[in-house]
Amino acid sequence: MREFDVIVVGAGFSGLYLLYRLRKLGLSARALERADDVGGTWWWNRYPGARCDVESMQYSYSFSEELQQDWEWSELFSAQPEILDYARHVADRFDLRRDIQFDTTVSSAHWDDDERRWRLETEAGEVFSARHCIMATGCLSTARVPDFEGVDSYQGPTYHTGWWPHEGVDFSGKTVGIIGTGSSAIQAIPVIAEEAGHLTVFQRTPNYSIPSRNGPMTDDYARSWKDGYAESRQAARHTRNGVLARLNPQSAMAAGEAERQAIYEERWREGGTYFMASFGDLATNQASNDTAAEFVREQIRTTVEDPETAELLAADGYPIGTKRICVDTDYFETFNRENVTLVDVSEQPIERITSEGLRTGGRDYTFDAIVFATGFDAMTGTLDAIDIRGHEGRALKAKWEEGPRTYLGLMSEGFPNLYMITGPGSPSVLSNMMVSIEQHVDWVTDAFAHLEANGLETMEPSLEAEDAWVAHNSEVGNTTLYPKAASWYMGANIPGKPRIFLPYIGGVGAYRERCDEIAAKGYEGFELGGGEAEQRKAS
Ligand code: NA7
């Protein structure tokens, strides 16, 4: 058994920054990572076209002035290989690898009430013991292939976007089928279409997507960010999504038709998710949202030459932004290619995977390869896969049977000293993950410093505080249009998963203030105990 102050599960961007901070606190830490290198999401998701849809000047760490000044991005929106290089650079630059054990999958984490320590076991049977356990396991880290009948009968190769082979895949001249039209597919389809002989896209729900207008990074643009980082990073931390997006606070309904159209056109020309900041009430007011959704549908109709295909691609039936808004490079244009076919499976689902392809709508399709761009068991899937037990052997999975219950998305009652970075109930996937990761890591490591300084060992939210946060989370979620869509934000992509709005939508800035206020009040809503302080009290 190996003993540490802290075990961190995962060595993605959360795990790396945690190791950096924990070392500064003088705590012994070990990160256990199932992949063979750092990078988390950017290690796994290597599908063609994989790219971040937050600008790199904003999707990067702010904790080190030297790092943010030195690192140079080659594009406005970096592609996966460059982001992975960045993660590796950070690991090397701060000498973090010596605290990471790769190729290590944690299978269980059990709290020992007597020892007041976590005992973790890996799939290989290794055992670790730590005072604190931090789940830096990511929000979209359990890829999922739907339960298609016959999925094992297919004779050709299959790929999931989230488990892409590291050596790449050669689709040249091949007949390829891709299932799904979420963010991953929307990035992959244009690139695969360039290479494949023929690409057939199976779409169950069309998505709203905004052109990224990606391009090479210019020195001037990079400099404009680097010179102002002190202010801009600080400002981003207090925005709604952790991104400086020039949010127009005005209601779309308050603008006249011509003004509204001009604003949408300008944002569309600029590209990226900033489109959703065109007006302040797109996430909360159906009438306002309708105007943005119709604008995007109109762009699709203008771009896609075949009117029937355009209509199929034009998302309708749920408000824009309530399924993850996508950002693309030539997605809709790709459907003008001769070698691309769109098949609507909304009414006639994919019946089964066959030995040669798949069957839907009474027709058999034959493929040389099938790509599953079918998403993830988001936010809870990875935690569910680990046998996590708190006080008296209580299982987290059982506690969360009807949906995750956390205080601030950071901890769950009954599970002392177990922390989640960007867990359910925190802004996480609705934000610039880098901003949210840094905020959580800072908050948790500051809490460790507080425990240490006060001779305390344990920390756990009270049931009352947790109940209030869960109620608040759902109340805020319900003031928005988000619950109207069958999205992975709502757990709706997994059969049987409770429909709970998983992330916290109160805004990154307001959330941070709440977390800071709680810490300033001596960690209000948390029970702190153990250690010398408890011994002193007892005597
Ligand atoms: P998503 O956004 O969950 O997309 C998955 C896609 O797969 C979506 O279009 C689904 O349609 C489709 N899907 C899933 N199951 C089926 C079945 N059974 N039949 C047909 N189509 C199906 O995952 P992504 O990987 O694209 O993106 C996840 C996040 O990663 C993304 O938001 C970024 O934050 C990064 P549906 O919409 O459910 O009808």
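These legends describe close-up views of a predicted model.

**View 1. A three-stranded open sheet, ordered β13-β14-β15.**
The three strands pair in the antiparallel sense. β13 (350-353) and β15 (363-366) are the edge strands. Each has a single partner strand, so one side of each is left without a neighbour in the sheet. From one strand to the next, the twist averages 25°.

**View 2. The hairpin of β13 and β14.**
Three residues lie between the two strands. β14 covers residues 357-360 and pairs with β13 over three bridges. The pairing is antiparallel. Which residue of β14 is the bridge partner of Ile-350? That partner is Thr-360.

**View 3. Helix α15, residues 463-478.**
The helix has 16 residues. At 1.5 Å a residue, α15 should span 22 Å. The C-alpha atoms at its ends are 22 Å apart, which agrees with that expected span.

**View 4. The buried and exposed residues of α15.**
Ala-465, Glu-466, Trp-469, Asn-473, Val-476 and Gly-477 are buried. Seen down the helix axis, these buried residues fall within an arc of 100°, so they line one face of α15. What do they pack against? Their partners are α13 (396-399), β19 (458-461) and α16 (508-520). Glu-464, Glu-475 and Asn-478 are exposed on the other side of the helix. Glutamate thus appears in both sets: Glu-466 is buried, whereas Glu-464 and Glu-475 are exposed.

**View 5. The salt bridge between Arg-2 and Glu-126.**
Side chains of opposite charge can pair when their charged atoms come close. The model holds 34 salt bridges, counted with a cut-off of 4 Å from nitrogen to oxygen. In the one between Arg-2 and Glu-126, the N to O distance is 3.1 Å. Arg-2 lies in strand β1 (residues 2-9). Glu-126 lies in the loop between β5 (117-122) and β6 (127-135). The two residues are 124 residues apart in sequence, so the pair ties together distant parts of the sequence. Arg-2 is partly exposed, at 34% relative accessible area. Glu-126 is also partly exposed, at 27%.

**View 6. The salt bridge between Arg-260 and Glu-257 in helix α8.**
The closest N and O atoms of this pair are 3.0 Å apart. Both residues belong to α8 (residues 257-270). They are three residues apart, which means a separation of about one helical turn. Is each partner buried or exposed? Arg-260 has 11% relative accessibility; buried means under 20%, so Arg-260 counts as buried. Glu-257 has a relative accessible area of 55%; exposed means over 50%, so Glu-257 counts as exposed.

**View 7. The salt bridge between Glu-298 and Arg-301, part of a network.**
The side chains of Glu-298 and Arg-301 meet at 2.8 Å, N to O. Both residues sit in helix α9 (residues 286-303). Three residues lie from one to the other along the chain, or about one helical turn. Glu-298 is partly exposed, with 37% relative accessibility. Arg-301 is partly exposed too, with 28%. Which residues does the network join? They are Glu-294, Arg-297, Glu-298, Arg-301, Glu-311 and Asp-316. Salt bridges that share partners link these residues into one network.

Technical notes
Residues numbered from 1 in each chain as written. Predicted model: local features only at pLDDT ≥ 70, side-chain atom pairs only at ≥ 80, totals over all residues. Heavy atoms only, no water. Pairing = 2+ DSSP bridges. Helix = DSSP H or I, 4+ residues; strand = E, 2+ residues; numbered from the N terminus. Axes fitted to C-alpha atoms, helices over the stretch in contact; angles between N-to-C directions. Expected span 1.5 Å × (residues − 1). Buried < 20%, exposed > 50% of the residue type's maximum accessible area, 1.4 Å probe, protein only. Arc of directions from axis to C-beta. Contact = heavy atoms within 4.5 Å.
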